[in-house]
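User: I'm new to this one and would like a quick tour. Could you show me the structure, and then I'll ask away?

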Amino acid sequence: MSAPEPRSALSAVLRPGHSGAKGETPVALAERRLAIVQLQARKVQEAALAAAIASALGLTLPPPGQASSASETTAVWVQPGAWLVTAPFTAPGDLARRLAGAAAGLASVTDQTFGKAVLRLSGERARDVLAKGCRVDLHPRVFGPGRTAVTTIAQIGCVLVQAGEAPTFDLVVPSTLAEAFFEWLEASAAEFGCEIREPG
Amino acid sequence: MHQIDCPWCGVRDEAEFKYRGDATVTRPAAGAGADAFHDYVHTRANPKGWHAEWWHHTGGCRQLVKVLRNTLTHEIRQTARAAEPLAAPSPETTPT
């Protein structure tokens, strides 16, 4: 018997098209289908883990509030000694196996690919869309590309990553709450208009 | 509404935290007896003024944070990681 086909937590609600007002500066919203793995360093192994990940993936484990990338793999600090690592989705378990191999004995590796969902919000008004539910100051004066925050948006626990200058934000939420989160984003973006794109 | 400077995440809104009680009590030794444990669990000074407290950053890094807060004015003067002490209280930060 083969494993069930992976299915996105958002496939039921996320339909490409336009929603909300026909504004001049609509935001864009799309699901990102990524492999997601949490790394939690074992006690006093943080430096050894950072060295092992750097040598195996060429990836630097970033300090609090920051993300770092190497080719298409990204690490985001989420709590002391813990990082969320994302990479393009290939097959279930691929990224977790790679990381478990590199971090054997140094970290606990938990595959979150289907436990979390990632939404990418971009456009000139993206900060205004988030401001209605996010208490972190995202003004470019204090927040910019490569910055991250583990916070609560619309009462849903969220890892927020600024991925680009546009601004572009990646929002990582629990997959069981992804539908509610998407509906809140869509409602919040309605006044500017929202282009919902194919999953990337 | 408090703004709490989490030593890991930076300044965050109180809504991301849960209050976890008095940070000045220390657990008695195992053989200290029922009275010592009664005090440890139940007896609190309830000070008016500066007070060291635990706040749990449940909506962020999920760490316990030590906070020096004025219970009268709600001013927050200092925060520290769980394993680190708050700086020695000056006369004006001594609970009144």
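Analyst: Here's the first pairing to look at: B:Asp22 stands opposite B:Glu53 in β4(B). Before we go on, this is a predicted model, where local features need pLDDT of at least 70, side-chain atom pairs count only at pLDDT 80 or more, and totals for chains, interfaces and linings use all residues. Residues are numbered from 1 along each chain as its sequence is written, chains are lettered from A and ligands numbered from 1 in the order in which they are written, and side-chain values use heavy atoms, with hydrogens and water left out.

User: How many bridges join β3(B) to β4(B)?

Analyst: Strands here are DSSP runs (E, at least two residues; helices are H or I, at least four), numbered from the N terminus. Two strands pair if DSSP finds at least two bridges between them. β3(B) and β4(B), residues 50-56, run antiparallel, and the bridges joining them number three.

User: Which strands are the edge strands of the open sheet in chain B?

Analyst: The open sheet has four strands with antiparallel pairing, in the order β3-β4-β5-β6 (chain B). An edge strand here pairs on one side only, and that gives β3 (18-22) and β6 (76-81) of chain B.

User: Which element supplies the largest share of the lining of the largest cavity?

Analyst: A cavity is a set of points on a 1 Å grid over the protein atoms alone where a 1.4 Å probe fits but cannot get out, and lining residues have an atom within 4 Å of a point. Volume is the space filled by probe spheres set on the points, which are joined across faces, edges and corners; the largest cavity has about 40 Å³. β3 (34-41) and α2 (94-102) of chain A each supply at least two lining residues. The largest share, three residues, comes from α2(A).

User: Is A:Thr113 buried or exposed?

Analyst: A:Thr113 sits in the loop between β7 (107-111) and β8 (116-122) of chain A. Buried means under 20% relative accessible area, exposed over 50%, and partly exposed in between (1.4 Å probe, protein chains only). A:Thr113 has a relative accessible area of 11%, so A:Thr113 is buried.

User: Which residues of β4(A) point to one face and are buried?

Analyst: β4(A) pairs with β5(A), residues 73-79, in the antiparallel sense over four bridges, and A:Ala67 stands opposite A:Val76. Side chains alternate along β4(A), residues 67-70: A:Ala67 and A:Ser69 point to the other face and are not buried, which leaves A:Ser68 and A:Ala70.

Note on methods
1 Å grid on protein atoms, 1.4 Å probe; cavity = no way out; pocket = protein on both sides within 12 Å on 5 of 7 lines; lining within 4 Å.
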